[in-house]
Amino acid sequence: MLFRILEPQTKANQFWRDFDRLNDELTRSILDNQFGTSSHFPPVNVYTKEDEALVTCLLPGMDTDQIDINVKDNMLSIHGKKKTEELAEGTEVHRREIFQGEFHRSLELPFRVNQDQVSAKYVNGVLNIHLPRREEDKPKKVSINIG
């Protein structure tokens, strides 16, 4: 990045462009290891209502047989492995930012889930997991007796 600031990239300074790219990748790798940003893959949104939760997860380029979903009590676990893309002979990687490899994401939900009623749908790279609340965990109205 420093090199990009100091001097615009031209074909003549290939060495410095490669050095700059290596520096970026090393910095990202160190930061990921230090602060655990890779553990936040895949990105998710979690929405809850009184009786259910919906987890939306971005997993583009996956097949459903590459994704495992497990639910126990109030823990949701999403595990998978995205295949490494195969490159044609002679192809060099100029930049590779799209995730590939194995991932695991665990989320704690605010209530226990009815495991028998969990459903999941994968459309256009988005995984939606519907997680209904266990009947015994639903809020119950308590009647007040007089006297």
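The questions and answers below go through a predicted model of one protein chain.

Visitor: How many helices and strands does the protein chain have?
Guide: From the N terminus on, the elements run α-α-β-β-β-β-β-β-β. The helical part therefore comes before the strands, as helices and strands are numbered from the N terminus. The count for the protein chain is two helices and seven strands.

Visitor: What is the order of the open sheet of four strands?
Guide: The pairing in this sheet is antiparallel. Its edge strands are E1 (44-48) and E6 (119-123), each of which pairs on one side only. The twist from one strand to the next averages 15 degrees. Read across the sheet, the order is E1-E2-E7-E6.

Visitor: How many bridges join E1 to strand E2?
Guide: E1 and E2 form a hairpin, with three residues between them. Strand E2 covers residues 52-58 and runs antiparallel to E1. Two strands count as paired if there are at least two bridges between them. For E1 and E2 the number of bridges is five.

Visitor: Which residue in E2 is the bridge partner of Asn45?
Guide: The pairing of E1 and E2 can be followed residue by residue. Thr48 stands opposite Ala53 in E2. For Asn45, the bridge partner in E2 is Thr56.

Visitor: Which strands are the edge strands of the open sheet of three strands?
Guide: This sheet has the order E3-E4-E5, with antiparallel pairing. An edge strand pairs on one side only. Direction ignored, neighbouring strands of this sheet are turned by 10 degrees against each other on average. The edge strands are E3 (67-72) and E5 (101-108).

Visitor: Which residue in E4 stands opposite Val71?
Guide: Strand E4 covers residues 75-82, and six bridges join E3 to E4. The two strands run antiparallel. Opposite Val71, in E4, stands Leu76.

Visitor: Which residues form the nonpolar patch on the surface with about 360 Å² of accessible area together?
Guide: One member of the patch, Phe15, is placed in helix H2 (residues 14-35). Phe15 counts as exposed because its relative accessibility is 55%, and the cut-off for exposed is over 50%. The patch consists of Phe15, Trp16 and Phe19.

Visitor: Is Lys49, in its salt bridge with Glu52, buried or exposed?
Guide: The side chains of Lys49 and Glu52 meet at 3.7 Å, N to O. Glu52 has a relative accessible area of 26%, so Glu52 is partly exposed. Lys49 has a relative accessibility of 58%, and therefore counts as exposed.

Visitor: How far apart in sequence are the parts that Arg96 and Glu85 tie together?
Guide: Arg96 and Glu85 form a salt bridge, with 3.8 Å between the closest N and O atoms. Arg96 is partly exposed at a relative accessible area of 32%, and Glu85 is partly exposed at 48%. Both residues lie in the loop between E4 and E5, so the pair ties together parts whose separation in sequence is eleven residues.

Visitor: Which residue forms a salt bridge with Arg112?
Guide: Arg112 counts as partly exposed, at 31% relative accessibility. The closest N and O atoms of the salt bridge are 2.6 Å apart. Arg112 lies in the loop between E5 and E6 and its partner in the segment after strand E7 (126-132), so the pair ties together parts that are 25 residues apart in sequence. The partner of Arg112 is Asp137.

Visitor: Which residues are linked in a network of salt bridges?
Guide: The structure holds seven salt bridges. Some of the residues involved are linked in a network. The members of the network are Asp73, Arg134 and Glu136.

Visitor: What share of the 147 residues in the protein chain is buried?
Guide: The protein chain exposes about 11200 Å², and carbon and sulfur atoms supply 52% of that area. A residue is called buried when its relative accessible area is under 20%. By that cut-off, the buried share of the 147 residues is 26%.

Visitor: Among contacts between residues at least 6 apart in sequence, what share joins residues at least 24 apart?
Guide: A contact here means heavy atoms within 4.5 Å. Among the contacts in the protein chain that join residues at least 6 apart, the share joining residues at least 24 apart is 50%.

Methods: Residues are numbered from 1 along each chain as its sequence is written. This is a predicted model: local features need pLDDT of at least 70, side-chain atom pairs count only at pLDDT 80 or more; totals for chains, interfaces and linings use all residues. Side-chain values use heavy atoms; hydrogens and water are left out. Axes are lines fitted to C-alpha atoms, for helices over the stretch in contact, and angles run from 0 to 180 degrees between N-to-C directions. Patches are made of residues with over 30% relative accessible area and no salt bridge: like charges are joined within 9 Å, nonpolar side chains (Val, Leu, Ile, Met, Phe, Trp, Tyr) within 5 Å. Accessible areas come from the Shrake-Rupley method with a 1.4 Å probe; for residues, only the protein chains shown count as cover. A salt bridge is a side-chain nitrogen of Lys or Arg within 4 Å of a carboxyl oxygen of Asp or Glu. Buried means under 20% relative accessible area, exposed over 50%, partly exposed in between (1.4 Å probe, protein chains only).
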